[in-house]
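Please open the model in your viewer and keep the selection panel handy. We will go from stop to stop, choosing something new each time.

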Amino acid sequence: MLLTAELLLNYQRCNRRAFLDVHGDKSLRDETSDYVVKLIQDSSENQKTVLTGLDRPYERPQFKSRDWAAGAEATIAMMAQGVECIYQGVLLTEENGVTLVSRPDLLLRQPGLSRFGDWLYSPVEIKLSKRSKAEYQVVVAYHMKVLAAVQEAWSESVQIYLKDKPPSDIDLWEVYPRMEEILQSCIQELQSPTPPEVFISRNRCALCQWYTDCYNLAKSTNHLSLLPGVTQVRYNELVNFHIHDLETLSTTEPKLLDNAPGFGPDMAKRLIRQAQSSLNDIALPTEAFPQGRSIEHLLRTELSDSPIELYFDIESEPSLELIYLHGVLVVDRVNKTEEFHALLAETPDGEARVWQEFLDLVWRYPTAPIYHFCPYEVQTVNKLAKQYETDRSLIEPLMSRFVDLHERVTRLVVLPVEGYALKAIAKWMGFTWRDERANGAQSIYWYAQWLTTGDREFLESIVVYNEDDCRATHRMKDWLAEFLTKQGI
Ligand code: SF4
């Protein structure tokens with residue numbers, strides 16, 4: 001069996017993913033998404049930047065793609081010559097019948113003793129990320145393990161180069177035992193005849209190429225991981241209590257789960273209610289649902305029909321730290337009109353201008369509530385205000401006008417959805433996006449494409465997507481107000 005560092009990285013993200021990478025039917029993999037293609041391109045650009053900034057020349061071994069034996073031979077020849085820096089060399093070693101393959105981004109020559117002479121090499125992993133994640137540290141410790149076997153020497157320096165940051169040293173003696181543990185369990189699972197159980201976790205699965213295959217399997221078995229709030233820890237507890245399906249969960253006494261790890265009385269009740277909602281495909285009020293006057297108060301205040309209502313959604317480009325679009329849907333309930341404003345920075349230097357345009361627009365309607373979904377919009381407004389030294393008298397009053405519908409929906413209602421993201425909720429409420437492919441990651445890709453190609457179609461796709469997000473938020477607000485009204489009768 002052959003084990004690569006990439007496999008070890010994927011194993012840490014999901015054990016099933018590593019298993020499928022080795023044993024799965026490749027024809028079932030999803031196409032690489034545009035966003036992942038962008039990440040790969042960005043990563044390659046980042047590597048080029050690092051290579052250009054190196055204080056020494058580098059060389060790259062030549063060999064046919066995936067011919068690891070030839071790559072290892074060429075790399076060893078370069079190490080024996082004492083090449084200062086080797087870019088994407090190949091290191092191989094055998095352990096208990098498993099071939100360990102390592103491709104550190106850089107091998108840097110250092111003073112010391114190795115089988116090659118009075119020098120040795122230290123491994124470097126180059127990452128696009130700005131954070132030294134635990135999974136990267138394990139990977140670079142793995143490189144060191146294989147390198148030590150090849151050069152018969154350990155290096156004191158084991159580094160990760162993060163984007164726009166100075167090199168960060170990892171504490172090998174702290175990470176190494178963890179890496180060994182993960183490596184051994186990875187090998188064991190890969191040698192097992194059956195794949196690990198599917199477990200859909202939105203964050204983890206979103207960029208995985210096995211998503212459709214795993215999702216279909218989860219769907220066909222009504223897997224509990226599709227129920228919002230069922231984390232891996234909670235799932236393990238449910239299984240311990242022999243709760244494997246929605247029916248059983250929906251009739252479980254909350255007290256049974258109260259003291260289980262990851263639960264507590266509120267979460268137990270919430271999950272059981274979630275199971276009831278999903279099983280019967282109905283919206284249910286939460287335990288925290290207000291009664292009588294409190295409903296009236298909510299309907300009179302933040303969820304009332306105001307003469308003018310604003311629906312707000314932002315698009316950003318995280319790698320450029322750029323806020324390039326403030327989308328605002330102005331709903332005039334008196335004149336029965338709706339007007340969408342796309343305040344768009346076509347180039348990064350337009351950010352300040354669109355920020356000012358946003359302020360002008362929201363202050364044109366000084367009493368209109370501003371509906372949005374999740375805290376990101378409010379956080380961004382505060383961030384931009386700081387960045388552009390905007391007078392606080394223009395910002396403070398906005399804070400009481402913002403209404404986060406994600407917070408209101410999740411506090412008040414349990415819905416038969418697989419997650420409380422805008423798309424899942426609004427789709428259940430009957431809203432459809434004009435472009436099915438559109439999502440946050442896709443819009444980041446589109447903006448990058450616009451900047452590189454100048455093709456306006458990319459910009460137009462972003463604006464359509466952003467407008468639909470604003471309109472979906474609008475639908476949600478109306479739906480919630482109606483639900484509250486019905487419950488209050
Ligand atoms: S889709 Fe999710 S469960 Fe399936 S392999 Fe990928 S990360 Fe794992």
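Begin with the shell around the ligand: by class it has 10 nonpolar residues, three charged ones and no polar ones. Keep in mind as you look that this is a predicted model. In total, 13 residues surround the ligand, and the closest are Cys14, Arg17, Cys205, Cys208 and Cys214, so show those five as sticks if you like.

Next, colour the helices α2 (15–23), α7 (202–205) and α8 (211–220), each of which supplies at least two residues of this shell. Which helix gives the most to it? That is α2, with three residues.

Now move to the sheet. Select β2, β5, β6, β7 and β8, which form an open sheet of five strands in the order β2-β5-β6-β7-β8, with mixed pairing. At its edges you will find β2 (85–87) and β8 (168–169), each pairing on one side only.

Zoom in on β6 (residues 117–126) and β7 (residues 159–161): these strands run parallel and are joined by three bridges. Pick Val124, and its bridge partner in β7 is Gln159. Then add helix α5 (residues 134–151), which lies across β5 (106–114), β6 and β7 and runs at about 155° to β6.

Finally, zoom out and colour by domain. The domain assignment gives domain 1 (2–190), domain 2 (222–282) and domain 3 (292–488). The centres of domain 1 and domain 3, taken over C-alpha atoms, are separated by 42 Å. Where these two meet, four residues of domain 1 are in contact with six residues of domain 3. On the domain 1 side of that contact, there are three charged residues, one nonpolar and no polar.

How values were computed
Residues are numbered from 1 along each chain as its sequence is written. This is a predicted model: local features need pLDDT of at least 70, side-chain atom pairs count only at pLDDT 80 or more; totals for chains, interfaces and linings use all residues. A residue is near a molecule or strand if its C-beta atom, placed from the backbone, lies within 6 Å of it. Helices (H or I, at least four residues) and strands (E, at least two) are DSSP runs, numbered from the N terminus. Ala, Val, Leu, Ile, Met, Phe, Trp, Tyr, Cys and Pro count as nonpolar, Asp, Glu, Lys and Arg as charged, and the others, Gly among them, as polar. Two strands pair if DSSP finds at least two bridges between them. Two residues are in contact if their C-beta atoms, placed from the backbone, lie within 7 Å. Axes are lines fitted to C-alpha atoms, for helices over the stretch in contact, and angles run from 0 to 180 degrees between N-to-C directions. Domain bounds come from an automatic or database domain assignment.
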